[in-house]
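Want to get to know a protein model by working through it piece by piece? Grab a pencil and try each task before you read its solution.

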Amino acid sequence: MEVNWADWQPKERATLLFIVKDGKILLIRKKRGLGAGKINGPGGRLEPGEMPVEAAVRETQEELGIDALFPVLRGELSFQFVDGYSLFCSVFLAPDYRGEPIETEEAIPLWTALDAIPYDEMWADDQHWLPGVLAGRQFRGYFTFDGDAMLWHQIDWVEDLSTKA
């Protein structure tokens with residue numbers, strides 16, 4: 001499947017937020033929605049008029065009952081699925097949070113050592129960019145999927161996400 005990424009427009013916009021503290025990363029096992037059953041970071045779709053960072057904090061609150069503190073944009077994911085669905089996702093990293101993570105109708109919290117991230121239970125793209133993000137890098141990623149199967153990917157590591165490629 002060929003995608004003209006220069007003219008590509010997503011059908012939906014979403015966020016992911018990873019809290020990293022004391023050598024561990026806070027992941028979730030998703031209970032419903034896109035990626036149900038998979039391990040990922042908390043996140044979800046933007047509401048009308050909402051900024052990505054606001055959505056990331058709100059979704060983390062809804063899914064885990066905690067407030068992410070000081071989130072920083074680290075990456076941008078562009079997904080095209082062969083069934084026509086397309087998604088743009090802003091990836092944030094936060095060094096701290098307030099509250100205690102709880103299980104909700106949407107997610108089960110999983111604190112994981114940074115050297116034991118279960119990539120085999122995550123979306124196939126995560127192993128290509130998450131290690132770089134955890135090492136302090138910023139990126140733009142482009143992916144085509146057929147259901148759960150990643151067909152193609154490209155990662156562009158960038159110095160500054162505020163500038164376009």
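What follows is a set of exercises on this predicted model, each with a worked solution.

**Exercise 1. Find the partners of strand 1**

Task: Work out which strands pair with strand 1, and in which sense each pair runs.

Solution:
- Step 1. Start with strand 1 itself, which covers residues 12-21, and look across to strand 7, residues 86-94. These two run parallel and are joined by eight bridges. To see one spot where they face each other, find Arg 13, which stands opposite Phe 88.
- Step 2. Now look for strand 4, residues 43-45. Three bridges connect strand 4 to strand 1, and this pair is antiparallel. Here Thr 15 has Gly 44 as its bridge partner.
- Step 3. Finish with strand 2, residues 24-30, which pairs with strand 1 over three bridges, again in the antiparallel sense. Lys 21 sits opposite Lys 24 in this pair.

So that's strand 7 in parallel, with strand 4 and strand 2 antiparallel.

**Exercise 2. Look into the turn**

Task: Which residue in the turn between strand 1 and strand 2 has a positive phi? Then try Phe 70: is it buried or exposed?

Solution:
- Step 1. Strand 1 and strand 2 make a hairpin, with two residues between them. The one to pick is Asp 22, whose phi is about 55°.
- Step 2. Why does that catch the eye? Most residues other than glycine have a negative phi. Asp 22 isn't a glycine, yet its phi is positive.
- Step 3. Check how open the spot is. Asp 22 has a relative accessible area of 73%, and the cut-off for exposed is over 50%, so Asp 22 is exposed.
- Step 4. Move on to Phe 70, in the loop between strand 5 (67-69) and strand 6. Phe 70 is not a glycine either, and has a positive phi of about 60°. With 60% relative accessibility, Phe 70 counts as exposed.

**Exercise 3. Tie two loops together**

Task: Which residue forms a salt bridge with Glu 103, and what does the pair tie together?

Solution:
- Step 1. Side chains of opposite charge can pair when their charged atoms come close. Glu 103 pairs with Lys 31, and their closest N and O atoms are 2.8 Å apart.
- Step 2. Place both residues. Glu 103 lies in the loop between strand 8 (96-98) and strand 9 (107-113), while Lys 31 lies in the loop between strand 2 and strand 3 (39-40), so the pair ties together parts that are 72 residues apart in sequence.
- Step 3. Check the surroundings. Glu 103 is partly exposed at 47% relative accessible area, and Lys 31 is partly exposed at 37%.
- Step 4. Look for another salt bridge, formed by Arg 32 and Glu 106, with 3.8 Å from N to O. Arg 32 is in the loop between strand 2 and strand 3 and Glu 106 in the loop between strand 8 and strand 9, which puts them 74 residues apart. Arg 32 is partly exposed at 43% relative accessibility, and Glu 106 is partly exposed at 21%.

**Exercise 4. Follow a network**

Task: Are Arg 58 and Glu 59 buried or exposed, and which network do they belong to?

Solution:
- Step 1. These two form a salt bridge, with closest N and O atoms 3.2 Å apart.
- Step 2. The cut-off for buried is under 20% relative accessible area. Glu 59 comes in at 8% and Arg 58 at 16%, so both are buried.
- Step 3. Salt bridges with shared partners join Arg 58 and Glu 59 with Glu 47, Glu 50 and Glu 62 in one network. The structure holds 13 salt bridges in total.

**Exercise 5. Pocket and patch**

Task: Which residues lie closest to the centre of the largest pocket, and which residues make the nonpolar surface patch of about 380 Å²?

Solution:
- Step 1. The largest pocket has a volume of about 470 Å³. It is lined by 29 residues, and Lys 30, Leu 34, Asn 40, Gly 44 and Leu 87 are the closest to its centre.
- Step 2. Several elements give two or more residues to this lining, including helix 1 (52-64), strand 3 and strand 6.
- Step 3. For the patch, pick out Met 1, Val 82, Leu 151 and Trp 152. Val 82 sits in the loop between strand 6 (72-81) and strand 7, and is partly exposed with a relative accessible area of 38%.

Conventions:
Residues are numbered from 1 along each chain as its sequence is written. This is a predicted model: local features need pLDDT of at least 70, side-chain atom pairs count only at pLDDT 80 or more; totals for chains, interfaces and linings use all residues. Side-chain values use heavy atoms; hydrogens and water are left out. Two strands pair if DSSP finds at least two bridges between them. Helices (H or I, at least four residues) and strands (E, at least two) are DSSP runs, numbered from the N terminus. A salt bridge is a side-chain nitrogen of Lys or Arg within 4 Å of a carboxyl oxygen of Asp or Glu. Buried means under 20% relative accessible area, exposed over 50%, partly exposed in between (1.4 Å probe, protein chains only). Patches are made of residues with over 30% relative accessible area and no salt bridge: like charges are joined within 9 Å, nonpolar side chains (Val, Leu, Ile, Met, Phe, Trp, Tyr) within 5 Å. Accessible areas come from the Shrake-Rupley method with a 1.4 Å probe; for residues, only the protein chains shown count as cover. On a 1 Å grid over the protein atoms alone, a cavity is a set of points where a 1.4 Å probe fits but cannot get out, and a pocket is an open set with protein on both sides within 12 Å along at least five of seven lines; lining residues have an atom within 4 Å of a point. Grid points are joined across faces, edges and corners, and a volume is the space filled by probe spheres set on the points.
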